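User: Please give a close account of the surroundings of the ligand in this model. I would like the answer to connect that region with the strands, sheets and domains around it.

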Amino acid sequence: MKSDSVNIIGAGQCGTLTAIMLARHGFELNVYERFTDPRIRDAEAGRSINLALAARGLNALQQVGIDALIQPMLVPMRGRMLHQADGTTSFLRYGQQEHEQIYSVTRLGLNQVLLGVADDTPNLHLHFQQNAIAYDAPDRTVHIRNELDGSMYQIAAEPLLAADGAGSIIRRSFDGTGTFGGIESLLAHAYKELSIPAGPSGEYQLASDALHIWPRGGFMLIALPNPGGDFTLTLFLSTAGNNSFGQLVDEAAVMRFFEEHFSDVAALIPRLCDEVLHHPLGILSTVRCRHWHDHGNVLLIGDAAHAIVPFHGQGMNLAFEDCVRLSEIVDDLGGDWPNVFARFEAEQLANANAIADMALDNYIEMRDTVRDPKFALRKTLSFELERRLPQHFIPRYSMVMFHAEIPYLLAQQRGEIQNALLEEFTRDANSLAEVDLPGAADAALSRLSALKP
Ligand SMILES: Cc1cc2nc3c(=O)[nH]c(=O)nc-3n(C[C@H](O)[C@H](O)[C@H](O)COP(=O)(O)OP(=O)(O)OC[C@H]3O[C@@H](n4cnc5c(N)ncnc54)[C@H](O)[C@@H]3O)c2cc1C
């Protein structure tokens, strides 16, 4: 089946970038989005939620020439600033090369740029306030409600890309059919966004070149800088039990909790009680599917196919990588959708599962393992091995964040071998001087094959 026109549900990051890429291949694109155009919503509606952009996302934006438009919105973060419970801080670089940094970018700003480019792309039509209600598999149609006038109509899935996010209505319409075999696993922890405004002269009140973490064992607070001098914070807590959102029921409880666990930052959050008590509670889930496509009719893409928890800062980066992969396959196969979708799934599904696992691992690392003094030593040793053996040993974090050419699955597999090696060679050491470096280098050479240049 070949079709010159493609329908997409969802004008988020993945749906919009995919639409731009496919329209440039010459297809006719229609994108249906349930909400109003974020470029014309009032500023209050779009709070400054920010995301970490890394190599895979940047690579995708470069491919369509959007990187230059995004550049002024990026705030570089070179590493993690750890704020310990006793008030001390330490800075751990993410990578050892100058360019190895990640970038804080506001979700709203990025989406606005993508939509602006989509608007300027021939053959691409954006339809806002068009809400997909259900997918009808026998008829291969999506039922859409026009939120402007309440009318209903149908569009054909010939083909349809479901880029409608973690709670995808298209994916859920297939529940019980075994087509996708989607499983949504809810994390027992949820999140709320808080904010630190810029100082009186517009200055940052914390170091602006870091992602700040207050690791507290079973929970944590993080902060990412915004271009205007302010920070967006995210508080991650379990929903019930000790030190949970369930306990933060009034101002006294919020103040007590922050004084006990985050006293150094509480004073920088002027609307602390209001934000903790009234900001919406966000849930976090992992979506895993057995399949992502229904022959040549429907393809799940982005969070709809594989939502992951945000602790590796990779959900959007993975979604953008999906767009690149799909575009490369279309380059090869054109509009032969059954084969395009099958190849996309074959190439990308195992990678999505791998980063889903690594994102869950990283939650333990961010809130807990970073507090272990051996964590810094293992990091130092991993940089030393990378310096000595750049073809054999690249720290797992660097493979995920800075090496778009290394598939997530390979990063996960090599990361497991490397982690065992780092633990082995730091077990009896308290500093790099005490590590058997020649032994560690020999072990790396024998256990890890050379990466392709
Ligand atoms: C707290 C938090 C922090 C995060 N931090 C990072 C980070 O630092 N780095 C990173 O890479 N990723 C991060 N992520 C993940 C990232 O936000 C997502 O992976 C990414 O936004 C997925 O893009 P998407 O286009 O697939 O889905 P979405 O951005 O969810 O877009 C889906 C679109 O579909 C529309 N839609 C939904 N249902 C319908 C319907 N029925 N009809 C029509 N339209 C519909 C929605 O309105 C939306 O516009 C974070 C996520 C969370 C929750």
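Analyst: Domain 1 (5-74 + 101-183 + 287-362) and domain 2 (185-284) each contribute at least three residues to the shell around the ligand. The model is a predicted one, and what follows is a reading of its computed geometry. The ligand is surrounded by 31 residues, of which Gly10, Gly12, Gly165, Gly302 and Gly315 come nearest. Sorted by class, the shell comprises 14 nonpolar, 13 polar and four charged residues. Several secondary-structure elements each provide at least two residues of this shell, namely α1 (13-24), β3 (50-53), β9 and α10 (315-333). Of the contributions to the shell, that of α10 is the largest, with four residues.

The two domains that share the shell also meet each other. Their C-alpha centres are 29 Å apart, and eleven residues of domain 1 are in contact with eleven residues of domain 2. On the domain 1 side of this contact, β3 and β7 (102-106) each supply at least two residues. That side consists of six nonpolar, four polar and one charged residues by class. Strand β3 thus appears in two places: it supplies at least two residues to the shell around the ligand and at least two to the side of domain 1 that touches domain 2. The division of the chain also includes domain 3 (372-447).

β9 is another contributor to the shell, and its pairing can be followed through two successive hairpins. Strand β9 (residues 130-136) runs antiparallel to strand β10 (residues 141-146), and six bridges join them. Within this pair, alanine 134 is placed opposite histidine 143 of β10. Four residues lie between the two strands of the hairpin. Arginine 140 belongs to the loop between β9 and β10, and its phi is near 50 degrees, a positive value in a residue other than glycine. Most residues other than glycine have a negative phi. Arginine 140 is partly exposed, because 17 other C-beta atoms lie within 10 Å.

From β10 the pairing continues to strand β11 (residues 152-156), again in the antiparallel sense, over five bridges. Isoleucine 144 has tyrosine 153 of β11 as its bridge partner. The hairpin of β10 and β11 has five residues between the strands, and glycine 150 in its turn takes a positive phi of about 80 degrees. Beyond β11, proline 159 lies in the loop that leads to β12 (160-162). The peptide bond between glutamate 158 and proline 159 is cis, with omega of about 0 degrees. Most peptide bonds are trans.

Strand β12 takes part in an open sheet of six strands with mixed pairing, in the order β8-β2-β1-β12-β19-β18. At its edges stand β8 (124-127) and β18 (293-294); each has a single partner strand, so one side of each is without a neighbour in the sheet. Inside this order, strand β1 (residues 5-9) pairs with strand β2 (residues 28-32) in the parallel sense over five bridges. Asparagine 7 is opposite asparagine 30 of β2 in this pair.

Domain 2 spans residues 185-284, and two positions in that range deserve attention. Phenylalanine 236 is located in strand β16 (residues 231-238). Phenylalanine 236 is buried, because 24 other C-beta atoms lie within 10 Å. Setting aside residues up to four places away in sequence, the residues that phenylalanine 236 touches are His189, Tyr191, Phe219 and Met220. The C-alpha atoms of phenylalanine 236 and alanine 190 are separated by 5.8 Å, although the two residues are 46 apart along the chain. Asparagine 243 lies in the loop between β16 and α6 (251-261). Its phi is near 50 degrees, a positive value in a residue other than glycine. Asparagine 243 is partly exposed, with 16 other C-beta atoms within 10 Å.

The whole chain gives the setting for these details. Its secondary structure comes to 15 helices and 19 strands. The radius of gyration is 23 Å, close to the 22 Å that the globule rule gives for 453 residues, so the chain is as compact as a globular protein of that length. Along the principal axes, the C-alpha atoms fill a box of roughly 65 × 55 × 45 Å. Of the 453 residues, 41% count as buried. Among contacts between residues at least 6 apart in sequence, 70% join residues at least 24 apart.

Technical notes: Residues are numbered from 1 along each chain as its sequence is written. This is a predicted model: local features need pLDDT of at least 70, side-chain atom pairs count only at pLDDT 80 or more; totals for chains, interfaces and linings use all residues. Two strands pair if DSSP finds at least two bridges between them. A residue is near a molecule or strand if its C-beta atom, placed from the backbone, lies within 6 Å of it. Ala, Val, Leu, Ile, Met, Phe, Trp, Tyr, Cys and Pro count as nonpolar, Asp, Glu, Lys and Arg as charged, and the others, Gly among them, as polar. Domain bounds come from an automatic or database domain assignment. The radius of gyration is taken over C-alpha atoms; the globule rule is 2.2 Å times the number of residues to the power 0.38. A residue is buried if 20 or more other C-beta atoms lie within 10 Å of its own, exposed if 12 or fewer, and partly exposed in between; C-beta atoms are placed from the backbone. Two residues are in contact if their C-beta atoms, placed from the backbone, lie within 7 Å.
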